[in-house]
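Colleague: Please take the empty space in this model as the part for a close look. Go through it in order, and then place it against the rest of the chain.

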Amino acid sequence: MTAHSARRDPMSKGLAVLNRIASMPVLDRLNLRGPSESVAYHGARVGFRTAAAVSRGFKRMPGRGTAVRPSPVSATGVFDLTPTEDQQMMVDVVSDFAADVIRPAVEKAEAVLETPTELFVQAYELGLTLTGLPEELGGLAAERSATTGVLVAEALGRGDMGIAASLLAPGSVATAIALWGDSAQQQTYVPAFTGTDVPAAALAVAEPHALFDPFALRTTARKVPGGYVLDGVKSGVIRGTSAELFVVAARLDDGRPGLFVLESNTAGIAIEVDASMGLRSAALSRLVLEGVTVSREALLPDSVDGYADSVRLARIAWSSLSLGAMRAVLDYVTPYVKERRAFGEPVAHRQSVAFMVADMAIELEGARLATLRASSRADLGKPFARESALARRLCSEYGMKAGTDGVQLLGGHGFTKEHPAERWYRDLRAVGVMEGGLLV
C-alpha cells in the first residue's frame, strides 16, 4: 500500500481562510433562509434548447513566463489517514455547512431543478474553489492535494450529491486550467474563481451514447488554419444553462483527446435541458457544439498528455461524493431500525436487518479506503490508474447497494418522499455512469 495519507497535505493558506471565515462570522449565518422563490424552473422536457449563458467577457491576457503548477507532496514513508489540522478544520466547517444549509435546501432545489443562488454565495466564502489552486494563483495549496478535495467532497456529499456537484463544478474548471493550462490561460480565467463572484463553469466530458468511453470521444476538434472547429454533443453538464465557461473534452485529428476552454458566448454553442433521474439539483444539461470555431489558444496545452489523469481525478471526485451520500444513508437507517418496532420489538433485533446495516458500514469503509489510496497516489505524483478504477468500482457497486438497502430498510417509507432514502437511491446510481464534470 502506498506510504502516504491525508496527513502530509500542507495548506499554508488554509488557516488564513478559516480565520477569515470565523471573523465574518459565516457559521453564525448558516441558518440560510429557504431557497429563493425566484429561482427559474428549467422544466423536465428533454431536448428543450436554449442559448448558452452570456459570458462575463474574460479579458485575454498575454502570457507571462511559464505556467504555475502545484508541486507533488513529499513522501515520508508513513501510511497515516489522519487529516492534518488544516484539513480537519476545513472538513468541520464544510460538514456544518452541509448539515445546516444544504440539507434544508434540498427539497426545493430538487423541485426547481436548480441549486439556489444563495448557496453559492455561502459556499464560495468558505473557499471551495480555492482548494485545488496553488498559492501563486490565489489558491490554498502549497502542494498538490487531491486528498483535501476528497475530504471536502465527501463532507458536501453528506448533505446532497446534486448540490455538492453544483458547488464543486466551478472549482473543478479552475483546477483543470491550473493543472494543464498555459500562463496566458491561467492569467485570463483563474482570477475569476478566486473571489466571491465566481462564474458558473462546467467541465464537459461525457457524451450521450451507450457504453461511453472517455478515451474514445466522438466530439471532434478538427484543426484549421489559426485554430480548431469543434463538433459534438456533451451530456451530464453541471449547470450547463448557467455556465459562463466550459472546459470541453474533444478528439484531435491524431486521435488523442484534449481539453478546450470555451466561453459561453462562442458562436455555435447551445444548451439542451436534460432532466435526470438523480442529481436533479445539479441542473444537468447537454452541450451542443455545431461548428464551434476557436483559436489554437483554446486548447489547454498540457491536457493532451494529462487527459487520462483528468478522467481518473474525476472518478475519484464522484467516488468521494458517493462516500458522503453512503454515510448519510447509514446515519439515517441506523437509528430508524432501532426505533421502528414490529412484532413487539425493534426491527434491528432481526438478524437480516442487523446484518444489512453492518454490511453497509463495512462496505463504506472499504470504499473510503480505496478512494483515499487513489488520491494519495495522485498527490505523490505516482501512477493511480488502477487505484482510481478500484475506487470507482467499489463506490459504484457499494453505493448503489447502500441506496437500495436504505430504501429496503425503511420498507414502505423508503419509497416515499417523506424520507430522503429515495433521493439517495437515485443519486448514488450516478456514480457508475458519470464521467468528468468534477476534479479533486
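Modeller: What follows covers the conventions, then the empty space, then a few helices and single residues.

The model is predicted, so local features need pLDDT of at least 70 and side-chain atom pairs count only at pLDDT 80 or more, while totals for chains, interfaces and linings use all residues. Residues are numbered from 1 along each chain as its sequence is written, and side-chain values use heavy atoms, with hydrogens and water left out.

The protein chain holds ten helices and ten strands; these are DSSP runs numbered from the N terminus, helices being H or I of at least four residues and strands E of at least two. Of its 440 residues, 58% are buried. Here buried means under 20% relative accessible area, exposed means over 50%, and partly exposed lies in between (1.4 Å probe, protein chains only). Contact means heavy atoms within 4.5 Å. Among contacts between residues at least 6 apart in sequence, 82% join residues at least 24 apart.

Now the empty space. Rolling a probe the size of a water molecule over the atoms shows where empty space is left. The work is done on a 1 Å grid over the protein atoms alone: a cavity is a set of points where a 1.4 Å probe fits but cannot get out, whereas a pocket is an open set with protein on both sides within 12 Å along at least five of seven lines, and lining residues have an atom within 4 Å of a point. Grid points are joined across faces, edges and corners, and a volume is the space filled by probe spheres set on the points.

By this count there are three cavities of 30 Å³ or more. The largest cavity has a volume of about 180 Å³. It is lined by 18 residues, and those closest to its centre are T131, G149, L168, L439 and V440. Two elements each give two or more residues to this lining, helix 4 (146-157) and helix 5 (161-180). Helix 5 gives the most, with four residues. By class, the lining of the largest cavity has nine nonpolar residues, eight polar and one charged. In this scheme Ala, Val, Leu, Ile, Met, Phe, Trp, Tyr, Cys and Pro are nonpolar, Asp, Glu, Lys and Arg are charged, and the others, Gly among them, are polar.

The largest pocket contains about 480 Å³ of space. Its lining is made of 24 residues, and S235, G236, A430, V433 and M434 lie nearest its centre. That lining divides into ten nonpolar, six polar and eight charged residues.

Next, the helices. Seven of the nine residues of helix 3 (residues 117-125) are buried, so the helix is largely enclosed by the rest of the structure. The buried residues are E118, L119, F120, Q122, A123, Y124 and E125. After helix 3 comes G127, with a positive phi near 80°.

Two packed helices are described by the angle between their axes and the distance between the axes. For helix 2 (residues 85-112) and helix 10 (residues 421-428), the axes come within 13 Å and cross at roughly 75°. Helix 2 is therefore roughly perpendicular to helix 10. Axes are lines fitted to C-alpha atoms, for helices over the stretch in contact, with angles running from 0 to 180 degrees between N-to-C directions; angles under 35 degrees count as roughly parallel, over 145 as roughly antiparallel, 65 to 115 as roughly perpendicular and the rest as oblique. In this contact R103, V106 and E110 of helix 2 meet R423, W424, R426 and D427 of helix 10. These residues divide into two nonpolar, no polar and five charged.

Finally, some single residues. S303 sits in helix 7 and counts as buried, at 0% relative accessibility. Leaving out residues up to four places away in sequence, S303 touches W180, P257, G258 and L259. L289, in strand 8 (residues 285-295), is also buried, with a relative accessible area of 3%. The C-alpha atoms of L289 and V233 are separated by 6.0 Å, although the two are 56 residues apart along the chain. R340 lies in the loop between helix 7 (303-339) and strand 9 (341-342), and at 41% relative accessibility R340 counts as partly exposed. P383, in the loop between helix 8 (351-379) and helix 9 (385-409), counts as exposed at 62%.
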